[in-house]
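User: Please take a close look at one part of this model, the backbone around its unusual peptide geometry, and describe it in a connected way.

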Amino acid sequence: MSTMIEDDRIVGLQDEAIARAAEAAEKRDRVLRWAMPVSLIIAVLAVWEFGVWYHGTPHYILPGPWLVIKTLFTDWHTLYPSLLVTLQITFSALAIAIIGGVGLAVLFTLSKWVELSLFPFAVIAQVTPIIAVAPLILIYVDSTYAALLLCAWIVAFFPILSNTTLGLNSADHNLVNLFQLYGANRWQMLRYLRLPSAMPYFLGGLKIAGGLALIGAIVAEFAAGTAGTGSGLAYRILEASYRLNIPRMFASLILISLSGILIFFAFTLLSHLMLRKWHESALKREN
Amino acid sequence: MAAAAAPPPQPAGRSSGRLLELQGVSKTFSNGTVALENLNLRVQRHEFLSLLGPSGCGKSTALRIIAGLGNISGGRLFWPEGGHVGDIGFVFQEPTLMPWATVFDNVHLPLKLQGQGRRQVRDRVEEALAMVGLQDFHAAYPRELSGGMKMRVSIARALVTRPKLLLMDEPFAALDEITRIRLNNDLLQLWESQGWTVIFVTHSVYESVFLSSRIVVMAARPGRIVGEIEIDAPYPRDEAFRMSEPYNAYCRETSATLHRAMGDG
């Protein structure tokens, strides 16, 4: 009922007024899109801060958000190098995963036999929880850094491989016929048809792999524990927990989350920039 | 309308200019379906030949075989003067454009696959685009174009190699009536001025009569030829031809043959 009444009122307005109303509604929508989640976060933090203050909870049990933020600054000299270590492992693993994943996916499309022989290994590596394999990897691989890299790579590798393989095989059959008709060789078919067709799939895989590489790096650091020479953020969390330095644990956690969020947004942006000209996923619906 | 460019040789010049011959061609798919059985077809140079028939009569399969897509199970395909890549332009039922590439790059594709760079052949690509009236759209992406314009891009891409033979697989079937009539007129004009041979697959009686110099009617299960109709009307053809009595007579005749074909099947 209420929508009908509203419709009647809009019909009564002049065109210009309608346009202005639509514009205002869009503007309000844009503001609310940010304002809603931000104010909710602030509200939750306020309740948390108030609860801690009201109950007089000691900071070694639960620090308030203000103390956590302060710790982030006071402990920056310890946290920052650890952040760099974790990010370095994450991005190195991701880079190797991209090279390996895309390279193997290309090999798969060139030879059915390579795919049939190697795909089971990729699946095994994917379905076995990394936390269970990490201790073994740490034993067999001499360098802790290399072991951490390997762990992060294993989890980041699969989404890129499977998405890119799917993408390479998703080229329009009519276009494949067309390329064949004009005498395209394998390399041209790959370069001009299969790789561009696979791009949206690859970018989707990259978004997943970015987050997974970070998780893989953190998990591996935990498995390496204090015995490792690594001093990433997970190591800081472990170390702080032994010392009951709860505010620093929270501060490290925030840095990990922020890194994950930034990685996700960076790849979302990259994906948008690369696809905005042509792919449905990046286009606005025109109705 | 095009100036009265010399109409391509019609039935008179036929014995001299044989471009292509299918001799007893048959095609059986791996699932056992007989798509074509003992197909004999001569294609004359410069003719506009339509393959007309109900779905499943093998007309598209025949076209693909001529294009060299897919093997034949029996018989042979004979090119008296030899044939090679670039001599054939193919227009699919869908525009089949690369969505990530501009109109220019889409039309450039056949030349690029022959190793000719953008700069080298810029003129040829522009020329092909001008032929279909899209000279102002070279920087556009396919999604920005209407269905009819996408089809024009697809035709420009088929023309860019300056083919001797243009194969068209129900190219206008998915378009609205008005766009289709306009593209029919434009295609006919281009054909008259460029002197290619066209093999045009369609299931529209009216379209085939308007365009063709010869119609081959096919029937299904198994795919075979059941009739042949010469459309002995002069080119250029225009709206006046669509309204004329001979046009109607040809439509009736073609329609009757098609019905016989469907009744047989």
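Analyst: In this predicted model, a good place to begin is R221(B), which is found in the loop between β8 and β9 of chain B. The phi of R221(B) is near 50 degrees, a positive value in a residue other than glycine. R221(B) has a relative accessible area of 68% and therefore counts as exposed, since the cut-off for that class is over 50%.

The peptide bond that joins R221(B) to P222(B) is cis, and its omega is about -10 degrees. P222(B) is likewise placed in the loop that runs between β8, residues 214–219, and β9, residues 224–230. The positive phi of R221(B) and the cis bond between R221(B) and P222(B) thus belong to one description of this loop, with R221(B) taking part in both.

Beyond β9 there is another cis peptide bond, which leads from Y235(B) to P236(B) and has an omega near -5 degrees. P236(B) lies in the loop between β9 and α7, the latter spanning residues 239–243 of chain B.

For the phi angle, N38(B) offers a further case: its phi is positive, at about 45 degrees, although N38(B) is not a glycine. N38(B) is placed in strand β2, residues 34–44 of chain B, whereas R221(B) is found in a loop. With 52% relative accessibility, N38(B) counts as exposed, because the class begins over 50%.

Definitions and conventions. Residues are numbered from 1 along each chain as its sequence is written. Chains are lettered from A and ligands numbered from 1 in the order in which they are written. This is a predicted model: local features need pLDDT of at least 70, side-chain atom pairs count only at pLDDT 80 or more; totals for chains, interfaces and linings use all residues. Side-chain values use heavy atoms; hydrogens and water are left out. Helices (H or I, at least four residues) and strands (E, at least two) are DSSP runs, numbered from the N terminus. Buried means under 20% relative accessible area, exposed over 50%, partly exposed in between (1.4 Å probe, protein chains only).
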